[in-house]
Amino acid sequence: MRIAITPVLIAGITVLIASIVVLYLSIFLFPNLMEEYYHVVFRSSSFDTDWLFYAHPFILSLSLQLFWDKFKGDASEAAVVRAFKVAVIYGLVAILPVLWLTFSAIDISMIMVFTWLVYGILQAFIATLVFTRMIP
């Protein structure tokens, strides 16, 4: 299992751009849900930790590239289908258990937890779409 740096970087940049677009669309389309982010359980914006938001897509892409290598599936399937399957498996295996713990420990709504799951699967889908093109 080797790491392909170029696809990881391209996937990371693509996921970062998509994440920023989704953030601003969410503020515009779901203002009531986004109000929940102003709850005291969340850390306020800080230059000390904001870089974590920008680094996340690259860490995610690196992890997903290793995951993709193992679970990319049947090459006869359409790339979109393969990417979606891997993204959903990733969401159920990696994201859902963490969100379960988060929901049980922090005062947040179930809708917020659900949107995080969808958002995580969307990020994984975008990254694995890049991998379907670059690491078939």
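**Exercise 1. Which helices each supply at least two residues of the lining of the largest pocket?** Then describe that lining.

*Solution.* Bear in mind that you're working with a predicted model.

Step 1. Start with the helices. The ones to list are H1, H2, H3, helix H4 (79-105) and helix H5 (110-134), each supplying at least two residues of the lining.

Step 2. Now look for the top contributor. H1 gives the most to the lining, with 9 residues.

Step 3. Next, the pocket itself. The largest pocket has a volume of about 2,000 Å³, and 43 residues line it. Want to find its centre on screen? Pick out Leu23, Tyr37, Phe53, Trp116 and Tyr119, the lining residues that lie nearest to the centre.

Step 4. Finish with the chemistry. The lining divides into 28 nonpolar, 12 polar and 3 charged residues.

**Exercise 2. Find the salt bridge and say whether its two partners are buried, partly exposed or exposed.**

*Solution.* Step 1. Here's the general idea: side chains of opposite charge can pair when their charged atoms come close.

Step 2. The structure holds 1 salt bridge. Its partners are Lys85 and Glu77, whose side chains meet at 2.5 Å, N to O. That fits the cut-off, since a salt bridge needs the nitrogen within 4 Å of the carboxyl oxygen.

Step 3. Now check the accessibility. Partly exposed covers the range between under 20% (buried) and over 50% (exposed). Lys85 has 42% relative accessibility, so Lys85 counts as partly exposed. Glu77 has 26%, so Glu77 counts as partly exposed too.

**Exercise 3. Which residues form the nonpolar patch on the surface, and where does Phe30 sit?**

*Solution.* Step 1. Collect the members: Ile13, Ile17, Val21, Leu25, Phe28, Leu29 and Phe30. Together they have about 730 Å² of accessible area.

Step 2. Zoom in on Phe30. You'll find Phe30 in the loop between helix H1 (5-29) and helix H2 (31-35).

Step 3. Classify Phe30. Its relative accessible area is 46%, so Phe30 is partly exposed.

**Exercise 4. How do Leu52, Tyr54 and His56 count by accessibility, and how far in space are they from Ala18, His39 and Val15?**

*Solution.* Step 1. Place them. Leu52 is in helix H3 (residues 50-71), Tyr54 is in H3, and so is His56.

Step 2. Classify them with the same cut-offs as before, under 20% for buried and over 50% for exposed. Leu52 comes in at 42%, so Leu52 is partly exposed. Tyr54 has 45%, which means Tyr54 is partly exposed. His56 has 36%, so His56 is partly exposed as well.

Step 3. Set the chain against space, going C-alpha to C-alpha:

- Leu52 and Ala18: 34 residues apart in sequence, 16 Å apart in space.
- Tyr54 and His39: 15 residues apart along the chain, 22 Å apart.
- His56 and Val15: 41 residues apart in sequence, 9.2 Å apart in space.

**Exercise 5. Is Ile95 buried or exposed, and how far is Ile95 from Gly120?**

*Solution.* Step 1. Locate Ile95: its place is in helix H4.

Step 2. Read the accessibility. Ile95 has a relative accessible area of 12%, so Ile95 is buried, the cut-off for buried being under 20%.

Step 3. Add the neighbour. Ile95 and Gly120 are 25 residues apart in sequence, and 7.1 Å apart in space from C-alpha to C-alpha.

Note on methods. Residues are numbered from 1 along each chain as its sequence is written. This is a predicted model: local features need pLDDT of at least 70, side-chain atom pairs count only at pLDDT 80 or more; totals for chains, interfaces and linings use all residues. Side-chain values use heavy atoms; hydrogens and water are left out. Patches are made of residues with over 30% relative accessible area and no salt bridge: like charges are joined within 9 Å, nonpolar side chains (Val, Leu, Ile, Met, Phe, Trp, Tyr) within 5 Å. Accessible areas come from the Shrake-Rupley method with a 1.4 Å probe; for residues, only the protein chains shown count as cover. Helices (H or I, at least four residues) and strands (E, at least two) are DSSP runs, numbered from the N terminus. Buried means under 20% relative accessible area, exposed over 50%, partly exposed in between (1.4 Å probe, protein chains only). On a 1 Å grid over the protein atoms alone, a cavity is a set of points where a 1.4 Å probe fits but cannot get out, and a pocket is an open set with protein on both sides within 12 Å along at least five of seven lines; lining residues have an atom within 4 Å of a point. Grid points are joined across faces, edges and corners, and a volume is the space filled by probe spheres set on the points. Ala, Val, Leu, Ile, Met, Phe, Trp, Tyr, Cys and Pro count as nonpolar, Asp, Glu, Lys and Arg as charged, and the others, Gly among them, as polar.
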